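This briefing covers the ligand environment and the sheets of the entry shown below. The points are grouped by topic.

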Amino acid sequence: MKESIFNELYLAGCKILKDELLSKHCSFKIGGLADYFIEIPDEDALSLFLKNIGSDNFYILGYGTNVLFSDGGYKGIVISLTKNFKEITINGEELFCGAGASLSNVLNTAIKNNLVGLEFSAGIPGSVGGAVYGNAGLKDKWIDSVIKTVEVYKNAKKISLETKNINFSYRKSNIENAVISGVHFFLKKVVGNDSLIVVSESINRRLKTQPLNFPNAGSIFKNPQGHSVGKLIEEAGLKGVSVGDAQISKLHGNFIVNTGKALAEDVLTLIALIEETIYKEFNIKLETEIKIIK
Ligand SMILES: Cc1cc2nc3c(=O)[nH]c(=O)nc-3n(C[C@H](O)[C@H](O)[C@H](O)COP(=O)(O)OP(=O)(O)OC[C@H]3O[C@@H](n4cnc5c(N)ncnc54)[C@H](O)[C@@H]3O)c2cc1C
């Protein structure tokens, strides 16, 4: 990688931060320094970046609500999509947004324009790019159900992927080694809507059942087929167990909260403890939902 590329990226409008603390960029508030953290404002700058930096040399971050960075940080470049990537436009029943838009802004914009279909996403934090990558959603409704196409940069080339070619499944897409740049949603135009009632019920349910008063990264594990992992963790008596300042939430077993200055190591120790215990007690192998970034 040529050092001069940083100068070119700067001139293209990128914000380049050296030795940036990753704990500032994730909802867990955990993580050491990234060698570089680059905020990319538009597609020209993204294209320039991708043409000059190999795909193995960076990590694309959304709003960091589903990640655990290591205490040693990230040896390389972390990128984040800002400015133009947050734009949202509507054309009839189609809503287009950049991957850096927040899912909640997209939902609000849809509701204001009497477009329904995204209500299930109320209270899911994060960006549209992160939501598409991980097929975010609830038990019975995921974001793939309202996506028409996804714009992606792969090997520095922009392509448009139709939903049927993305192989979406539970908290998973097949979009790997690529940067999602924008998403076309197809929604339904209605005359008046009761979306705000649905949204506020959903937010109220989250406020009662999730430990939103402490930094966390959402569900730690995927639910195994036919089981609620939160219930299994509760039945195994693990709620409230702490290592350092990381604690298995007393409110919801599938959340680990950062009660102060938790380290990634503390969280990883709790994750290992949960995996071992659930396997021993119920013969079930758990799979993490959060992305552990080393
Ligand atoms: C309190 C709380 C509640 C939550 N509730 C839910 C819920 O109900 N349902 C649910 O599904 N999730 C939930 N989550 C998890 C999280 O909000 C979602 O997974 C969200 O979609 C992640 O978006 P993000 O922008 O924060 O992604 P990040 O955490 O930044 O990244 C997640 C993954 O997406 C990849 N990624 C991000 N942007 C792009 C891009 N532009 N191109 C390619 N890859 C990209 C990253 O590389 C990473 O692998 C919750 C989290 C919290 C903290």
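**Ligand site and sheets**

Helix 4 provides the largest share of the shell around the ligand, namely four residues. The model is a predicted one. It holds a ligand surrounded by 32 residues, an open sheet of five strands and an open sheet of three strands.

**Ligand shell**

- The closest of the 32 residues surrounding the ligand are I60, G62, T65, S127 and G137.
- At least two residues of the shell come from each of strand 3 (58-61), helix 4 (128-133) and strand 11 (179-186).
- Sorted by class, the shell comprises 17 nonpolar, twelve polar and three charged residues.

**Polar contacts and burial of the ligand**

- The side chain of Y59 has an N or O atom 3.0 Å from an oxygen atom of the ligand.
- A polar backbone atom of G64 lies 2.8 Å from an oxygen atom of the ligand.
- For N66, a polar backbone atom is 2.8 Å from an oxygen atom of the ligand.
- The ligand taken alone exposes 960 Å², of which the protein buries 94%.

**Five-stranded sheet**

- The strand order in this open sheet is 6-7-11-9-10, and the pairing is antiparallel.
- Strand 6 (88-91) and strand 10 (157-162) are the edge strands, each pairing on one side only.
- From one strand to the next, the twist averages 20°.
- Five bridges join strand 7 (residues 94-98) to strand 11 in the antiparallel sense.
- C97 has V183 in strand 11 as its bridge partner.
- Helix 3 (residues 103-112) packs on the sheet and touches strand 6, strand 7 and strand 11; the direction of helix 3 makes about 30° with that of strand 6.
- Helix 2 (residues 43-52) lies across strand 9 (147-154), strand 10 and strand 11, and runs at about 45° to strand 9.
- Strand 11 thus appears twice in this account: it pairs with strand 7 in the sheet, and it supplies at least two residues of the ligand shell.

**Three-stranded sheet**

- This open sheet has the order 13-14-15 with antiparallel pairing.
- Its edge strands, each pairing on one side only, are strand 13 (242-243) and strand 15 (256-258).
- Strand 13 pairs with strand 14 (residues 246-248) over two bridges in the antiparallel sense.
- Opposite S242 stands Q247 in strand 14.
- Helix 7 (residues 264-282) lies across strand 13, strand 14 and strand 15, and runs at about 25° to strand 14.

Methods: Residues numbered from 1 in each chain as written. Predicted model: local features only at pLDDT ≥ 70, side-chain atom pairs only at ≥ 80, totals over all residues. Heavy atoms only, no water. Pairing = 2+ DSSP bridges. Contact = heavy atoms within 4.5 Å. Axes fitted to C-alpha atoms, helices over the stretch in contact; angles between N-to-C directions. Near = heavy atom within 4 Å. Polar contact = N/O pair within 3.5 Å; in protein donor to acceptor, adjacent residues only side chain to side chain. Areas by Shrake-Rupley, 256 points an atom, 1.4 Å probe, with all protein chains shown as cover. Nonpolar A, V, L, I, M, F, W, Y, C, P; charged D, E, K, R; others polar.
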